[in-house]
Structure formats: structure tokens, C-alpha cells
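Some notes follow for a colleague opening this model. They are set out as numbered points, to be read with the structure in view.

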Amino acid sequence: MGFFSKRQQRTSTPDLTEMVAATLAAAGFTAVQMNADEFQVNGKVLYLTNLRRFLQDVPHEHWQAEVTRWVSVMTSEPERGQGQGIDDVRDILLPRITHRDMFGSIEDSAAQAAQAARHLTPDLYLLPALDHPDRVETVTSLETYGGWEAIWPVAQANLRALPAPSHSLLDAPAEMTPDAVVHLLETEDFFGATRVLILAETLSRALGQRVEAPLGMIVAMPSRHILGVHVITSAAGVVGATELLSSVATADLPGPLSDLIHYVSPDGSLQPISSRGKNGLTSILAQGAFGEVLAALPE
């Protein structure tokens, strides 16, 4: 197929919102459309964002089959977990980092998530999740599983038991200092970015050698599947690494999480250290714990 034909095909892109609405109705669901990317079905909110991104690479004639499959998965009842205790989900319980915007415009849902979550930053929540074979179910009713005190050790152990992510080095300009090296860690599971909770351990496994980061690390978490990581050693390295990480953080990927760069201190806490202006450019904020480390760095 030639370039012109591809462009012609793109101009006749089906209306995904209408397609999902029709598929829900055909399946017998009464859905309330909140906006172009959100439907409420039986008290549950369905988000079309990831489906829309996924379909970008799918021929239009296959969209209906994918939408039908997606609706079936998203509206199916959990086969495990609902109404059961922590022992019933012990092998599928994991921690998951989510963006607060994931809970959309439904006030009750957003409030419940905010109350249940551990707040890593003003935008990033840590919540439990059940890793079913066909989907990941984020949990906001913590009392079902005994609260964070019971959930956390199980979830953390399961996170550590996940396979090591694939590793590559981000390409850097030849003139950039070697200290600016950025590691790219990718996973097929939904907990790639969540591995920031065990970052030094995760990077050590991926490299096959122990990683020491007494000054902390800088990360980009553009997607639930991806971590861009720089181990801080020098000021010049930080300058180069933040430039590289900006391109990672702003990548348009399935399962979006955050377009900001974060500093991970030696104690594991997260600090957003970037902002995006109206021109789309990223600025680095040398303040707080990160500012103190930066001021003490060798050139």
C-alpha cells in the first residue's frame, strides 16, 4: 500500500466513541457517556485512552473485533478477589502506581481512591492491584484485604518476584558526557513503572551487578511499562541525563503515567523535579532534596 493510500485510510478513521457505545448497547449494558473517553457502566468507569492508542496500529477493518473483545474484558465480573480476603488473592496482589487522573471525573471514585492511596507525590497514588490473567484490577476498598498493614508485605514480595525488566541504554549525542547514561527498563506487565519502589534492586537485576546510588537517581515514568533511570554521579551527568529523560517522559505511550521527571532519594521517596511550560519545553527545578544534592555535586 502506498503512502497516499495510507493517508486516505487515516482520513476515514472510525469514531471509536460511537463504536464503543454501540458495542456496549449490543451487549445489553446501559452506559452513561461522561465524555469522549469515559463511560460509566454498572458503577464502573471504562477509560478509552489506552484502547485508542492501541488501535492506532490496527487496520480499521479489525477495530470492531478489538472493541468487542475490549468491552467483554472490561465489563466481565472479577473471577477472583471480590468479597474475598487476602488469602484468596495472595498470589495476584501487587502494588501499583497510578496517576490521580486515572479516576476521572466521577467524584465518588476519585474521592475513594484518594482516601485509600498512599500519596507518593501530589499526582501519583500507590494502590493495591489484582493481576488477573486478562486485566489488572486496581483496589480502593482496602478493608476487604485487611488494610495496608496486611496488604503491603504481600504486595511488595510479589513485586520483587516479577521477572527482571529488559534493559537498554538510551542513545545519547556523541558530545554528551558519559556520566549522563540513562538506562531504559521495559516490561510487558503493568508494573514496570511501579518497580521504582525497588529501583536500585531492579536496576541491579537488569544489569547483573550491584548498583550503588548514594546520591539518589533520576527517573522518567511515561508509561506503566517503562522506567528511564539515571544514577546521579556528577552535575554534568545530571544536565545531560535530564535532557535525555525529558524525551522519555513526554513520549506518547499506552498506559500513560507521568510526563514529569522525578528524583528518587536514597530513602526511596519521590520528588517531581520538572515542569512543562505552555511551549511544551521541560524545565528542571533545582529545589528541595534534589536541589541540595545538585548543589553538592562535583562538576
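1. Strand 8 and strand 9 run antiparallel and are joined by four bridges. One pairing to look for is S166, whose bridge partner in strand 9 is E186. Please keep in mind throughout that this is a predicted model.

2. These two strands belong to an open sheet of six strands, ordered 8-9-11-10-12-13 and paired antiparallel. Strand 8 (166–169) and strand 13 (270–272) are at its edges; each has a single partner strand, so one side of each lacks a neighbour in the sheet. From one strand to the next the twist averages 30°. Helix 7 packs on this sheet, where it touches strand 8, strand 9, strand 10, strand 11 and strand 12. The direction of helix 7 makes about 90° with that of strand 9.

3. Helix 8 (residues 235–249) deserves a separate look. Its 15 residues reach 20 Å from the first C-alpha to the last, close to the 21 Å expected at 1.5 Å a residue. Is helix 8 largely enclosed by the rest of the structure, or largely open? Of its 15 residues, 11 are buried, so helix 8 is largely enclosed. Among the buried ones are G237, V238, L244, L245 and V248. The cover over the buried residues of helix 8 includes strand 9 (183–186), strand 10, strand 11, strand 12 (261–264), strand 15 (282–284) and helix 9 (288–295).

4. Which residues have the most contacts inside the largest nonpolar core? They are I151, V196, L199, V219, M221, L227 and V229, in a core of 37 residues. At least two residues of this core come from each of strand 4 (93–99), helix 5 (107–116), strand 6 (124–131), helix 6 (147–161), helix 7 (199–207), strand 10 (217–223) and strand 11 (226–231). Strand 6 gives the most, with five residues. Such grouping has a general background: in soluble globular proteins, nonpolar side chains tend to be buried together.

5. V196 is a useful residue to select. With neighbours within four places in sequence left aside, V196 is in contact with I97, V219, M221, L227, V264 and L270. There is also a second, separate core of 21 residues, which includes V182, I218, V248 and I273.

6. Another open sheet has three strands in the order 1-2-3, with antiparallel pairing. Its edges are strand 1 (31–35) and strand 3 (44–47), each with a single partner strand, so one side of each is left without a neighbour in the sheet. Here the twist averages 30° from one strand to the next. Strand 1 pairs with strand 2 (residues 38–41) over four bridges, in the antiparallel sense; N35 has E38 of strand 2 as its bridge partner.

7. Two helices lie across strands of this three-stranded sheet. Helix 2 (residues 16–26) crosses strand 1, strand 2 and strand 3 and runs at about 10° to strand 2. Helix 4 (residues 63–75) lies across strand 2 and strand 3, at about 150° to strand 3.

8. Last, the chain as a whole. Its secondary structure comes to nine helices and 15 strands. Of its 299 residues, 43% count as buried. The radius of gyration is 21 Å, which agrees with the value near 19 Å for a compact globule of 299 residues. Along the principal axes, the C-alpha atoms fill a box of roughly 65 × 60 × 35 Å. Among contacts between residues at least 6 apart in sequence, 62% join residues at least 24 apart.

Note on methods: Residues numbered from 1 in each chain as written. Predicted model: local features only at pLDDT ≥ 70, side-chain atom pairs only at ≥ 80, totals over all residues. Heavy atoms only, no water. Pairing = 2+ DSSP bridges. Axes fitted to C-alpha atoms, helices over the stretch in contact; angles between N-to-C directions. Contact = heavy atoms within 4.5 Å. Core = buried A, V, L, I, M, F, W, Y, C linked by side-chain atoms within 4.5 Å. Buried < 20%, exposed > 50% of the residue type's maximum accessible area, 1.4 Å probe, protein only. Expected span 1.5 Å × (residues − 1). Rg over C-alpha atoms; globule rule 2.2 N^0.38 Å.
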